[in-house]
Amino acid sequence: MKNLGMNELRSKYLNFFGNEKGHTLLKSFPLIPIDDDSLLLINAGMAPLKKYFTGEKKMKNNRATSSQKCVRTADIERVGKTERHGTFFEMLGNFSFGDYFKKEAISWAYEFLTKELEISKDDLWVTVFKEDEEAYKIWHYEIGLDSERILREGKEDNFWELEVGPCGPCSEIFVDRGADRAIDENDNRPGNDDSDRFMEVWNLVFTQFNKDSQGNYTPLAHPNIDTGMGLERIAMVLQDKDNIFEVDVMAAIISEIEKLSNKKYKESEKDDVSIRVIADHAKAMTFLTCDGVMPSNEKRGYVLRRLIRRAYRHGKLLGIEGEFLTNIVDKVIDTYKVEYDELDANREKIKSVIRDEEERFQKTIDQGLERLESLISKMSKIKERILDGKEAFKLYDTYGFPLDLTKEILEEKNLDVDEKTFNNEMQIQKQTARDARKKDAGWSLDNIDTDGIEKTSFVGYDDLETEARILNIFKENSEASSLSEGDNGIVISDKTSFYAEGGGEVADTGLILGDSFKAHVIDVQKQKDIYFHYIEVVEGAMHVGDDAQFKVDRNKRLAIQRNHSATHLLDQALRDVLGEEVKQAGSLVDENKLRFDFSHNRALTKEEIDKVEEIVNREIFKQELVTKEIVDYKESQKMGAIGLFEDKYKDKVRVVSMGDYSKELCGGCHVNYTSDILIFKIKQESSVSAGVRRIEALTGEKAFEYLNDKSNKLNIVADRLNTNTNNITNRIDSLENEIDKLKSEISRLKTTNSSDIVSELKKDIREIKGINLLVKKFDNASMDELRDYENRIKSSIDNLIIVFASVSDKIVFTVSVDDKLTDKYNAGKIVRQIAQITGGNGGGKKNFAQAGGKDISKLEEALGKVSEII
């Protein structure tokens, strides 16, 4: 058996199938599935290849091989506790899309294991589906494997299938790692999941049937092969290691954790769990971030956030102080950049995203842990084993503690949590948010049966007015024949010039005019290519079958078009300035402004904002033609058109091009020339959430109004400063110099006066249990003054605890504890206890902390509590 490193093993596999067996060599696909909403993350080698298995896509030779990076989190709680479970792994695979079948798949697998890896034939065991005679015969008669080492298993173990669709039997290959790894004398064949003796290394799936909804199996005309061999697992076997955390590529990663924690792997089982969790999660978070996943509270972003926070907490369990994850990420990148050079290219971006999330969590975890420890203490006193779900939700909502983390901490103490109540609280919060977003109309399209309704022909790209016939009318969730003056309802017509809300663009508004009625269009929605006009009849009555004039509000539409086209230019400009990794995360285009959300892990500098603004205006001033073409989707890819949000586009798509600068797939409304946008001005750049930034901007008339307002305000400032607008900065410099001189004089006077104050404060110090305690209230004292008093008193008096409160419209508490006393007294805990009496909160370090208070009437009670706490 060859002892191969993981990088060498990966190369050997890909060379064997790619060069020797004629497979197309595929580079690993990103972890974010492309054009597949059924998966959160890529979790198997075949996952990115579904369309090749179904025949939707074709390869030149219909056979492929890859080492696919994968992430699975179903068993995340077991990672670290067992020696086999990991969230990130690589899956070696060779695939046939109707090309070769069982004979080749089995014989090549055997050849690779025995000849390339030099695993003894006598160490191999296999399983086959009990009804799969073909696979049994190949293994026994052609390969020559003893019948005793070919195990026939049932559907549960050796048949791969879903509810419906392609399916088939499989054959698993095991390596016997020796009797010394057996649990007992009965551990002499595969089948014991707790045993380390027989290790499953490869699974060959023979997709040869199609299963229908009645459970019938029909043979496929072109059966497929899908195989998967875990790279880490086969490396563990070849290197004769006890677990996947001891293979060669893990050495540098674990060594770094040992250095940061001052703990040695394999000396303490408890520490080993944390070391394995950090090592595994560091790999997963590095690859996820590189592939564009950003931490968030939803979907794959939540997976990343959970991994980062779980790894951070296990670092704390090991005693690692401060931020540390980026140190380990560096080792992951150095280890894997041989195969994945994109890791090195994106090193700083990856580290920045993870560092930001780690900092964000660090700010709340200490308070959250303290809160949870307090709850656990209370549970212990009353012998309660189930944490209240409302408390768990508060930990999540207030301190950012995922439920999984709360559960994990509770499990360590043999406690549990009321998940049902937690989920109820979560649903209440979500429902509240949904209710807040509901439209004023109070009813939705969900109540309208669209079956049998004719699709609407949209002519509004070119015509803002059109003649159309009213086909359907709905009033108060029911179909009606007419609407009269004062009625609100929904109208469907055979065609329309009104754009329906979609792609971030708001709907058109306007009028529907008939011979005997007039109606305002206040919203338009689209479902299954049917346009639903939300209207209010202001004159007369409309009926089903009426012909009418559909007139879009022209000025509003032109403003919307300016903003939408500017959004496309902005998207490309951001890529030019910040890099191609920038991805759109959302947008809103209406007649007043444009709002564009994009993935980026830091605030833009003023220089970057100015550059983006300059580029967009440059393209506007070029007066480039804006074209809108309907082309094949493949043709749009050749054109380099950007498709946002991983949308599933139809065979024919609409490409909007602004000269040669911007090309995007878009169904929205746009100007005819970039110069129609007139002018572009960024109003604000801000944060939306972790890793997502937002730009709000103006065009046309609104941009002019904004700039005119700024100019007027500048004139007012100049008048107040008794100067002109050209001299404002000089005038401000002069005033700042005057202010600095006055501040210096005030500081001198305060220093002279503070000597007397400090002397008076020392008189208020009293002794409690050998501790010197000073508690004092001030009116309108600044934080700098309080710290100055503390430092000057502490320098001359030992064993001192100082508690100050400064009162203005609110309360500011500070607590200072002599470093010699911090083993018994914690400034953070003291300040939190007294602040909570006044309805506030805070915290800090053991030797200094600060907090805010709200209820001034409770101040004396809070300060009186200090001596009890001491």
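Okay, let's start with the shaky part: over residues 436-444, pLDDT (the predictor's confidence in each residue, from 0 to 100) stays under 50. The model has 9 contacts beyond four places in sequence for that stretch, a contact being heavy atoms within 4.5 Å. Residues 644-649 also stay under 50, with 17 such contacts. Where pLDDT is low, the predicted coordinates shouldn't be read in detail.

Ground rules: this is a predicted model, so local features need pLDDT of at least 70 and side-chain atom pairs count only at 80 or more, while totals for chains, interfaces and linings use all residues. Numbering runs from 1 along each chain as its sequence is written, and side-chain values use heavy atoms, with hydrogens and water left out.

Overall, the chain's mean pLDDT is 88, and 95% of its residues reach 70 or more.

Now, two helices (DSSP runs of H or I, at least four residues; strands are E, at least two). How do H1 and H3 cross? The axes of H1, residues 6-20, and H3, residues 102-116, come within 11 Å and cross at roughly 130°. Those axes are lines fitted to C-alpha atoms over the stretch in contact, with angles from 0 to 180 degrees between N-to-C directions. On the H1 side, the contact residues include Tyr13 and Phe16, and on the H3 side they include Trp108 and Phe112.

Last, backbone oddities. Most residues other than glycine have a negative phi. Leu678, though, has a positive one of about 75°, in the loop between strands E26 and E27. Lys769 is at about 50°, also positive, in the loop between E29 and E30.
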